[in-house]
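Me: I would be grateful for a close look at a single part of this model. Please describe the part and its surroundings in one connected account.

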Amino acid sequence: MDDASGVKGKEVDARNSSDTRNEKEIKLFVKHPPISSPHISSYTNTYIVSDLKEKLTPERYKILGTTCFGSFLDMKRCEVQHQLFRCFMVLQLEGSQYDVFLIYVNGTILSFSIREFALVTGLNCIGDPEDFQFNTKVPNRIVETYFGGAKYVKKKDLLTCFDDKNWGHDNDGDAIKIVVLYFIHIFIFSSEKKISECI
């Protein structure tokens, strides 16, 4: 990454690079970072798989493995280096599409889109949006039962529910729903402050 950090804040002329795309000019998204650039922080729980194993019975852990998030259970624990995220964001290219993250590193354009996300995670990222529509006027049973019918569930309340195993001893269905909700908001959407009422 030393070479990548050397182009931070500059316009890069790709004509002299080894990039086979032979771009005439590649412009970085952030040309002149402010002197007091904000620091990137991450609250992602890198111990997520260990936490799930600890809180779930072997039977429920096996059930979780059959859901669309089961592939994550094979994930190795990784360390998060925030400086890399900041470096990548500085190297984002101008003209990137709203649904694609394009960066220029060491003469190569790297693309991260929904396609790459699907390939890495194994999740089904295509389908009919209508299949996910629901009536928001109907009270949500999970929210009513475990979160007092709150319009927005706070993360601390979800953490408490997960840590205390509030779903009961013989309730596999609710246990898996709360665990999936915990996994999504503590790992996948870890930066989101609020949890939607649509659980």
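Reply: The account below concerns helix α8 and the helices that pack against it, followed by a pocket. The model is a predicted one, and the description should be read accordingly.

Helix α8 covers residues 172–188, and helix α7, residues 155–163, packs against α8 at an angle of about 135°, with the two axes 10 Å apart. Angles over 145 degrees would count as roughly antiparallel; α7 and α8 are therefore oblique to each other. The crossing of α7 past α8 is left-handed. On the α7 side, the contact is formed by Lys155, Leu158, Leu159, Cys161 and Phe162, and on the α8 side by Ile178, Val179, Leu181, Tyr182, His185 and Ile186. By class, the residues of this contact of α7 with α8 comprise nine nonpolar, one polar and one charged.

Helix α3, residues 58–65, also packs against α8: their axes come within 10 Å and cross at roughly 60°. That angle makes α3 oblique to α8. Here the crossing is right-handed. Arg60, Ile63 and Leu64 of α3 meet Asp172, Ala175, Ile176, Val179 and Val180 of α8. The contact of α3 with α8 contains six nonpolar and two charged residues, and no polar ones.

Helix α2, residues 48–55, packs with α8 at an angle of about 160°, and the axes of the pair are 11 Å apart. With over 145 degrees as the cut-off, α2 and α8 are therefore roughly antiparallel to each other. α2 passes α8 in a right-handed crossing. Ile48, Asp51 and Leu52 of α2 make this contact with Val179, Tyr182, Phe183 and Phe187 of α8. Six of the residues in the contact of α2 with α8 are nonpolar, one is charged and none is polar.

Val179 of α8 recurs in these contacts: it meets α7, α3 and α2. Tyr182 of α8 takes part in the contact with α7 and in that with α2.

The last feature is a pocket. The second largest pocket has a volume of about 670 Å³. Its lining consists of 16 residues, and those nearest the centre of the pocket are Cys68, Phe69, Asn124, Phe132 and Ile184. By class, the lining of the second largest pocket has 13 nonpolar, two polar and one charged residues. Ile184, one of the residues nearest the pocket centre, belongs to α8, which spans residues 172–188.

Note on methods
Residues numbered from 1 in each chain as written. Predicted model: local features only at pLDDT ≥ 70, side-chain atom pairs only at ≥ 80, totals over all residues. Heavy atoms only, no water. Axes fitted to C-alpha atoms, helices over the stretch in contact; angles between N-to-C directions. Helix = DSSP H or I, 4+ residues; strand = E, 2+ residues; numbered from the N terminus. Parallel < 35°, antiparallel > 145°, perpendicular 65-115°, else oblique. Left-handed = near helix turned anticlockwise from the far one by under 90°. Contact = heavy atoms within 4.5 Å. Nonpolar A, V, L, I, M, F, W, Y, C, P; charged D, E, K, R; others polar. 1 Å grid on protein atoms, 1.4 Å probe; cavity = no way out; pocket = protein on both sides within 12 Å on 5 of 7 lines; lining within 4 Å. Points joined across faces, edges and corners; volume = space filled by probe spheres on them.
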